[in-house]
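Biologist: I would like a close look at a single part of this protein, followed outward into the rest of the chain. Please take your time, since I am new to reading structures.

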Amino acid sequence: MKPVQPKKHLGQHFLTDLNIAQQIVDALRLPNGVQDVLEVGPGMGVLTQYLVQHPEYKTTIVDIDRESIAWLNEHFPQLEGRVLLADFLKTDLKTLFAGPFAVIGNFPYNISSQILFKVLDHRDQVPEVVGMLQKEVAERIAAPHGSKTYGIMSVLLQAFYTIEYLFTVHEHVFNPPPKVKSAVIRLTRNEVTTLPCDEKLFFRVVKTSFATRRKTLRNCLKPFNLPVEVTQDVLFDKRAEQLSVNDFINLTLLIQQHAV
């Protein structure tokens, strides 16, 4: 069977450096009792070949590309029944996995943020993620508050996961080479089971705060119709990037109490 050709419309850039592939798989540290591993976008199996070397892992792979799936079925017969032709973003993960599972992959750049937001939706099932994505996106996710790159994804993911920026990957180790550098990050579920505020409101407050990030929160949060005496709080003199996750939780509690 001929090698799979990367498809631009699927955002495919196949990793060709086996040392980096090994490092990505080695970065996975499954918590006790977790065996299921879901690889997203395996392509021609550069990560898969190292995942299957771990007999303690029960690896499932999902790809939207029929050509890749045919290749993977031929080259990884030990994964029979666990090579899925599907769109990860549309896959019902609760049906696929009854218990916890880790996520790993060289994520297509065009959907990497959506992949992580889906992980966030299933955070109680996903204790760990190791993923390669665009360096700029990885830096944004791992950024501390006060950083210019700190944003919506930083706050929402850091509320529930510990983020580690592991290493940078250069363009020349891909086919075809992307126009940007890549990076590998690890997300490890923290001990927060529920936020001490309305979670839907928390998500809305974070997104609204960063919608016009150059403005102070006093201006950003006008849609919440807060009483003037509330917006006199010094917190409202700040911009969104200056607030930690805990600050956003406190801000959400304040809005819960006083929004008109």
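Modeller: In this predicted model, let us start at glutamate 128, whose side chain reaches the backbone nitrogen of arginine 29 at 2.9 Å. The side chain of glutamate 128 also reaches the backbone nitrogen of leucine 30, in this case at 3.5 Å. Glutamate 128 has its place in strand β6, and because its relative accessibility is 1%, under the 20% that marks the limit for buried residues, it counts as buried. If we set aside the neighbours within four places in sequence, the contacts of glutamate 128 include Ala27, Leu28 and Pro31, and also Ala102, Val103, Arg186 and Leu187. Not every residue is at hand, however: alanine 86, which is 42 residues away from glutamate 128 in sequence, is 22 Å away in space, taken from C-alpha to C-alpha.

From here we can step along the chain to the loop between α5 (112-121) and β6 (128-134), where arginine 123 lies. The side chains of glutamate 199 and arginine 123 meet in a salt bridge, with 2.7 Å from N to O. Since glutamate 199 belongs to helix α8 while arginine 123 sits in that loop, the pair ties together parts that are 76 residues apart in sequence. Arginine 123 is buried as well, with a relative accessible area of 14%.

To place this pair in a wider setting, it helps to know that the protein is divided into domain 1 (8-189) and domain 2 (199-257). The C-alpha centres of these two domains lie 32 Å apart, and 14 residues of domain 1 are in contact with 15 residues of domain 2. Between them, domain 1 and domain 2 bury about 1200 Å², and 69% of that area is on carbon and sulfur atoms. On the side of domain 1, Tyr150, Ile152 and Leu156 lose the most area to domain 2, together making up 39% of what that side buries. Across the interface of the two domains there are two salt bridges, and five residue pairs are in polar contact there, counting pairs with both residues at pLDDT 80 or more. Helix α7 (residues 152-158) gives the most to the side of domain 1 that touches domain 2, contributing four residues.

The nonpolar residues tell a related story. The largest nonpolar core has 55 residues, and those with the most contacts inside it are Leu116, Ile141, Phe202, Phe248 and Leu251. Helix α8 (residues 199-211) supplies the largest share of this core, namely six residues. Because domain 1 and domain 2 both give residues to this core, the core lies between them. Phenylalanine 202 gives a good view of it: leaving out residues up to four places away in sequence, phenylalanine 202 touches Val155, Leu156, Ala159, Leu195, Cys197, Val245, Phe248, Ile249 and Thr252. Apart from this core lies another, of 25 residues, and among them are Ala27, Val37, Val46 and Ala102. Two of these names bring us back to our starting point, for Ala27 and Ala102 are also among the contacts of glutamate 128.

Finally, we can return to salt bridges, of which the whole structure holds 11. One of them joins lysine 135 and glutamate 139, whose side chains meet at 2.6 Å, N to O; both residues lie in helix α6 (residues 135-142), four residues apart, which is about one turn of the helix. Lysine 135 counts as partly exposed at 22% relative accessibility, and glutamate 139 is partly exposed too, at 32%. Another salt bridge is formed by arginine 213 with glutamate 241, their closest N and O atoms being 3.2 Å apart. This pair links distant parts of the chain, 28 residues apart, with arginine 213 in the loop between α8 and α9 (217-220) and glutamate 241 in the loop between α10 (228-231) and α11 (245-258). Arginine 213 counts as partly exposed at 26% relative accessibility, whereas glutamate 241, at 6%, counts as buried. Through salt bridges that share partners, Lys148, Arg213, Arg239 and Glu241 are joined into one network.

Methods:
Residues numbered from 1 in each chain as written. Predicted model: local features only at pLDDT ≥ 70, side-chain atom pairs only at ≥ 80, totals over all residues. Heavy atoms only, no water. Core = buried A, V, L, I, M, F, W, Y, C linked by side-chain atoms within 4.5 Å. Buried < 20%, exposed > 50% of the residue type's maximum accessible area, 1.4 Å probe, protein only. Helix = DSSP H or I, 4+ residues; strand = E, 2+ residues; numbered from the N terminus. Domains from an automatic or database assignment. Contact = heavy atoms within 4.5 Å. Buried area = accessible area lost by both parts, 1.4 Å probe. Salt bridge = Lys/Arg side-chain N within 4 Å of Asp/Glu carboxyl O. Polar contact = N/O pair within 3.5 Å; in protein donor to acceptor, adjacent residues only side chain to side chain.
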